[in-house]
Amino acid sequence: MKKLLLILFFITNCGFLTQQRTIAQNSKKDSLEKRINTAAEDSNKVNTLVLYSNELIQYDIKKAEKFALDAIRLSRQIHFKKGEASAILLLSKISRSKGDRIKSLNKIAEALTIFEKFNDKSGQAKAYFELGYVYKETDNYKKAIESFTKAFTLYKETKDELNAALCQMVMGHVNADRASVLRDTSYLRKTLNLYGYALQYYIKTNNQERICVSYINMANTYLGYNKLTKSDNFLRKSIDYSNQSLEISQNLKDNTRTCINLLNLGEAYKYRNDYPEALNYFLKAYELAQKSGNVLNKLSAMNQMMLIYKEMGALNKVLSISNEYLKIAKYNHYIGNLKDHYQLLSEIYHSQNNYQKAYESRLLYESYSDSILNKEKANALARFQVEFESKNKDKEIALLNKNQELQQTKLEQQQTIRNYLVGAVTLILLLLFVVYNRFKLKVKANQIITEKNKKLEKLSIVARETANGVFITDKDGNAEWFNEGFSKLFGWQNMEEYLQKRGKNILEVSGKDNIKDIIEECIREKKSIRYDAINPIKGGDEIWVQTTLTPIFDKNGNLKNLVFVDADITELKKSEQQVSDMNKELEAFSYSVSHDLRAPLRAISGYSQILKDDYAYVMDEEGIRTLNAILKNSKKMGELIDDLLAFSRLRRADLTTSHLNMTQLVTSLLEEVIEKDHDNVSVKITDLLPAKGSQALITQVWTNLLSNALKFSKKKDKPVIEIGSYPENDSVVYYVKDNGAGFDMQYYHKLFGVFQRLHSQEEFEGTGIGLAIVQKIIHRHNGSVWAESKLGEGSSFYFSLPNITS
């Protein structure tokens, strides 16, 4: 009862706090709207529109953009340039929030040009601060530090100490990121110094919220130190700062930062190997995140608990947390969390000798790893694009200022000429016309050169910075250049060493026997070709390399170069070999089941049948009952072996797909499945949509689902089975519904497991492998299978297949 009252109090209190925050936010919005409507001057209205737009970014980004655009229009009407620049800078922040960093960069340059023209240092500081965030989000740490430093210097000049301290804190964040990526503790020392400077100001002004954040930053930095250089001293300092921050956050009733402090304390004790104390903090963080609805903090706490349970050997506890963790991560599309968790599951299942689940978890880990890698590649490309655009914007700003100075000088010269040399006006105009034409020609030429340089620079950046090896030859295959990635991959320091030790032409150095045919094909088809080969590295060892060969043609269609991009896939090949070995072990196991177990089972069944047929007259009632039990269980054992073999064969069965007439297939199956003792069954079937799949395997799916529906509804007076389909995106969803026994959805996770049964053998016969076979077949077709049910009211099973047009 006390627990119930506490929960009710918490829910009521959370609702009250949320309501109070909403009231406060609405009050602030109402106040800003009132200021807009009552502003005596248009310039005040512009400033209020900018404030309102900035306030709305975190709540309603569309409205925020509308008010920023309104501020720009009004500023241009009244020629209020500073207001226009502030609104443009706000559009940059909105574009960054949407992920459009190039547009954000353009808006920053536009706003900065106006601020510099009017020598508005406060505005310039805001622009450089926003520019720093663009670079920070694209991992361009050097440019980010430069921009934040410019903002810091300008804030100092304008005596804006609050924003200057904020610049120091953000620069600390950048250096912390640098330290993590480069594993260099020198950046952590810079981080501590920057956090320390900011903290001094916040203590001086008694800004409790910022002090709390600063202590969290210091605690995180010492945890970062410990990750790079193990030291109990670092952990002790992290714990001290976390406890100080925890006290402040609790006093401020700041649940989010309280949760972060609990997580930091738990992590510090985990590194101390004090697992009970660490679990205590992580459990508190989990409970607080659960109450406050903070999903990321909740996942962090759950992940840390699972890691500790793994270290303690409590693998079942890890698996008990895993289901909730996966559900949350999948719902919120947290790809990184899913990747790390499937790696953890693979390790746990492997240690439990559950190689099937370990393998499946590993496949999921690889899948999510590929997604993250693609995302990282996209981010890297965006970073290069932002860096390239920023250089152009810097040049544009400098050129614009120079042009303005030149234009002013030219106007003064023209005025002087008009005053003293009126007779020479015609000559001067003619001269200016000639200069203008030449200037246009020069600008056009410069534009062409600039465009060419842009393309070359992009290619240069990609070729130079990529982790893969890039090897370029001329049209005849003679080596011309390779990048640093190629040097790291194969060990060759320079082209001279490579040509001397390996050879000059790709035909002699390639590890692919049919490289000549591949080159001819890619030139003939004018497309990239990918192939795998074993290549030697410096020192004599060999590695597996996946190469993408691309032909480069000039504007006339003539072959100019061949570009080879090499990636090391040695570990992937090892993994493929391990999978092959595992499949061989499964083959051996299937053979053992088929031959070694069947023989003694047939003997037991046969001799038991002989005893029953020839010697039943000398046995008493108990002996005959025992003999019948042996026969019955021998038969069931045979069925289990048959089902297990069928399940294992699914992995190796060829998947040949064709168009399937589902209505015809299911109608013919119903005649076989519904026997004489099922005459009272009512079957409702609509025209089923066609799909693509393996005829034999999909027939097995329908057989299992229809058999289950009949089996689990046979105890009903009027069994009803409904079969139908509907389109969904590029798939077709099929379903089988019955009004039978149903099952409890809390045991759903067991439903598709091998030998998992939700009803006893006495209630309903079966081996518990039918639904596992269904799931395996559908997954092989890249489809999904799921179910819904209520105990005692029936079940609905669904599966999806690619439709004919997909």
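## Strand β1 and its two faces

Gly469, Phe471 and Thr473 point one way from β1, while Val470, Ile472 and Asp474 point the other way. All of these residues are buried, where buried means under 20% relative accessible area, exposed means over 50%, and partly exposed lies in between (1.4 Å probe, protein chains only). In a regular strand the side chains alternate between the two faces of the sheet.

Strand β1 covers residues 469-474, and six of its six residues are buried, so the strand is largely enclosed by the rest of the structure. Strands (E, at least two residues) and helices (H or I, at least four) are DSSP runs, numbered from the N terminus.

## About the model

This is a predicted model: local features need pLDDT of at least 70, side-chain atom pairs count only at pLDDT 80 or more, and totals for chains, interfaces and linings use all residues. Residues are numbered from 1 along each chain as its sequence is written, and side-chain values use heavy atoms, with hydrogens and water left out.

## Partners of β1

β1 pairs with β5 in the antiparallel sense over six bridges. Two strands pair if DSSP finds at least two bridges between them. Thr473 has Leu562 in β5 as its bridge partner.

β1 also pairs with β2, again antiparallel, over three bridges. Here Ile472 is matched with Trp481 in β2. The two strands form a hairpin with four residues between them. Gly477 sits in the turn and has a positive phi of about 90°.

## The whole sheet

These strands belong to an open sheet of five, in the order β2-β1-β5-β4-β3, with antiparallel pairing. β2 (479-482) and β3 (529-536) stand at the edges, each with a single partner strand, so one side of each is left without a neighbour in the sheet. Neighbouring strands are turned by 30° against each other on average, direction ignored. Strand axes are lines fitted to C-alpha atoms; for helices the fit covers the stretch in contact, and angles run from 0 to 180 degrees between N-to-C directions.

β4 (residues 542-553) and β5 (residues 559-568) pair in the antiparallel sense over nine bridges. Val545 has Asp568 in β5 as its bridge partner.

## Helix α11 and the loop before it

Ser238 lies in helix α11 (residues 232-251). Its relative accessibility is 0%, so Ser238 counts as buried. A polar atom of the Ser238 side chain lies 3.0 Å from the backbone oxygen of Ala219.

Thr229 is in the loop between α10 (208-228) and α11. At 40% relative accessibility, Thr229 is partly exposed. Thr229 and Arg183 are 46 residues apart in sequence, but 9.8 Å apart in space, C-alpha to C-alpha.

## Two asparagines with positive phi

Asn273 is found in the loop between α12 (255-271) and α13 (275-292). Its phi is near 65°, a positive value in a residue other than glycine. Asn273 is exposed, with a relative accessible area of 54%.

Asn782 lies in the loop between α27 (770-780) and β11 (785-790). Phi of Asn782 is near 60°, also positive in a non-glycine residue. At 73% relative accessibility, Asn782 is exposed.

## An exposed tyrosine

Tyr617 lies in the loop between α23 (570-615) and α24 (621-649). Its relative accessibility is 68%, so Tyr617 counts as exposed.

Conventions. Polar contact = N/O pair within 3.5 Å; in protein donor to acceptor, adjacent residues only side chain to side chain.
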